[in-house]
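Here is a short report on one protein model. Keep the structure open while you read.

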Amino acid sequence: MENHAEALALLDFLKTAPTPWHAVDGIARMLDAAGYTALREADPWSLAPGGRYYVTRNLSSVIAFTLPEDAPSGFLIAAAHSDSPTFKVKAVPELTAVGRYTQLDTEPYGGMIMSSWLDRPLSVAGRLLVRGEGRLETRLARCDQDLCVIPNVAIHMNREVNTGYAWKANVDLMPLWGSERAGGSFLRTVAEAAGVDPERIAGHDLYLYNRVPGCVWGVEGAYLSAGRLDDLECAWAAARAFAGAAAPGHVNVLCVFDNEEVGSSTRQGADGSFLLDVLTRIADAEGGSARLPRMLSGSVMVSADNAHAVHPNHPEYSDPVNRVWMNEGVVIKHNARQKYTTDAVTCGLFSEICRGAGVPVQHFANRSDLPGGSTLGNLSGRHVSIPAVDIGLAQLSMHSAWETAGTADVPLMIRGLRAFWETPLVPDGDGDYRIG
Ligand code: CO
């Protein structure tokens, strides 16, 4: 039942996290509850030994850190991402179709399985920029209501739908919002959900989301399904592990970055300066920025993003032996071209930590002719060059509006990351470590 408790807590979090802004807001609340102090990038920071802090950028990425009582040897960093594939509503949000319908004008955000978004109730959430008296304010908006559907064409009219249909974002995927009489109601509806005057909306980043609550399912309760498991499953598990973890001798760092699904190269993305900026300020507080290179040489990063479980109908897409299963533990990802950052050193370190914590690990590599996806690890590595390992949890249907993962894996990721942060880890030569 322990397994289910963590899985159900994850599903509760997912309900409140339809967008990166809401996910980061939820993680900030977890950190507040655990006694972390919110910092602002624009302010001077005075950091105390043993202090616990977090800072957001764009309100859609967050970095939290726990300082040890003594001078830290380095940083133990775990990173996950806050965004998932969806549809973004354009600046001019509505259009009239065939004189009778009001549609939303949207475009894809990230690489989704398009067909999974059709014929299901969808809602809208995101952030608004609101005009106040002499100021502009950001407000989060979440319409907790079924508001639109992307309707399929009947099979009688499109006989190709089951034989490989090419979905066109500007034709097939436009959500139906209402009748022609619903014209002009979109921003009003969002404004009402955010408790603001629609006349005062000066800008918006609004996205569709699948608001069907996730569930644990199957006679054994072995699986859980929901939208946005990639990567909020890892982001939430990492936050859960981090908030309770002690920092014996190094700085614990939790990063949840936005924009991984669109290449990470934004101000708040993993390919921006956010992480380096925060680590530099911590090193400054620990005796000057000259300490940064020394601290980085004693650091390790874990990039946590979900992995592909062997598919029951299509096992041939997986590598013959470097394949992973749901409910069989934390996945370590390998790639010869270093699209995953894992190497012998970081694989060894992370597996050894998991072994000590009683957490099973399994090894994943893409089938040798398949390129696989991108991750946070090597992007962050361009700015902060430290040894890194790519990990994740095994799941099915990645980038569907309804993804599936293993119920028992949720507590294993929490335990593995907790052990990572709580293990004293000191470099003892290039590629040698004193551990524990
Ligand atoms: Co991902």
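How many residues lie between β19 and β20 in the hairpin that they form, and which residue in the turn has a positive phi? The answer is six residues, and the residue is Ser397, with a phi of about 60 degrees. The model is a predicted one.

**The open sheet**

The hairpin strands belong to an open sheet of five strands. The order is β11-β12-β20-β19-β15, and the pairing is mixed. β11 (215–217) and β15 stand at the edges. Each of these two has a single partner strand, so one side of each is left without a neighbour in the sheet.

The table lists three of the pairings, each with one residue pair.

| Strand pair | Sense | Bridges | A residue pair |
|---|---|---|---|
| β12 (residues 223–226) and β20 | antiparallel | four | Ala226 and Glu403 |
| β19 and β20 | antiparallel | two | Leu396 and Thr404 |
| β15 and β19 (residues 394–396) | parallel | two | His308 and Gln395 |

Strand β20 covers residues 403–406. Glu403 and Ala405 point one way from this strand. Thr404 and Gly406 point the other way. All four are buried.

Leu224 lies in strand β12. Its relative accessible area is 0%, so Leu224 is buried. Glu403 is 179 residues away along the chain, yet the C-alpha atoms of Leu224 and Glu403 are separated by 8.3 Å.

**The cobalt site**

The protein donors of the cobalt ion come from His81 (NE2), Asp230 (OD) and Asp305, which gives two OD atoms. They lie 2.0 to 2.6 Å from the ion. Along the chain the donors follow the spacing H-x148-D-x74-D. His81 and Asp305 link distant parts of the chain, 224 residues apart. His81 sits in strand β4 (residues 75–81). Asp305 sits in the loop between β14 (300–304) and β15 (307–308).

Is His81 buried or exposed? His81 counts as buried because its relative accessibility is 0%, under the 20% cut-off. Asp305 is at 5% and counts as buried too.

What is the geometry of the site? It is irregular, with angles of 53 to 140 degrees among the four donor atoms. For reference, the ideal angle for four tetrahedral donors is 109.5 degrees.

**Backbone exceptions**

Most residues other than glycine have a negative phi, and most peptide bonds are trans. The model has exceptions to both. A cis peptide bond joins Asp230 and Asp231, with omega about 10 degrees. Asp230 is also one of the cobalt donors. Asp231 is found in helix α4.

Arg228 has a positive phi, near 70 degrees. Arg228 is found in the loop between β12 and α4. At 13% relative accessibility, Arg228 counts as buried.

Ser264 also has a positive phi, near 70 degrees. Ser264 is found in the loop between β13 (251–257) and α5 (274–285). Ser264 counts as buried, at 0% relative accessibility.

**Asp205 and its partners**

Asp205 lies in strand β10 (residues 201–210). Its relative accessible area is 15%, so Asp205 is buried. Which side chains make polar contacts with the side chain of Asp205? One is Lys88, at 2.8 Å. Another is Arg127, also at 2.8 Å.

Leaving aside neighbours within four places in sequence, Asp205 is in contact with Trp21, Lys88, Ala125, Gly126 and Arg127. Gly126 is 79 residues from Asp205 along the chain, and their C-alpha atoms are separated by 5.6 Å.

**Nonpolar cores**

The largest nonpolar core has 59 residues. Ile27, Ile391 and Trp421 touch the most other members. Helix α4 (residues 229–243) supplies the largest share of this core, ten residues. Apart from this core lies another, of 31 residues. Phe75, Ile282, Leu292 and Val384 are among its members.

Which residues does Ile27 contact, leaving aside its neighbours within four places in sequence? They are Phe13, Val62, Ala235, Ala239, Leu254 and Val256.

Methods: Residues numbered from 1 in each chain as written. Predicted model: local features only at pLDDT ≥ 70, side-chain atom pairs only at ≥ 80, totals over all residues. Heavy atoms only, no water. Buried < 20%, exposed > 50% of the residue type's maximum accessible area, 1.4 Å probe, protein only. Contact = heavy atoms within 4.5 Å. Polar contact = N/O pair within 3.5 Å; in protein donor to acceptor, adjacent residues only side chain to side chain. Donors = N, O, S within 2.8 Å, 3.2 Å for Na, K, Ca; no water. Tetrahedral: all angles 85-135°; square planar, octahedral: opposite > 155°, others 65-115°. Core = buried A, V, L, I, M, F, W, Y, C linked by side-chain atoms within 4.5 Å. Pairing = 2+ DSSP bridges.
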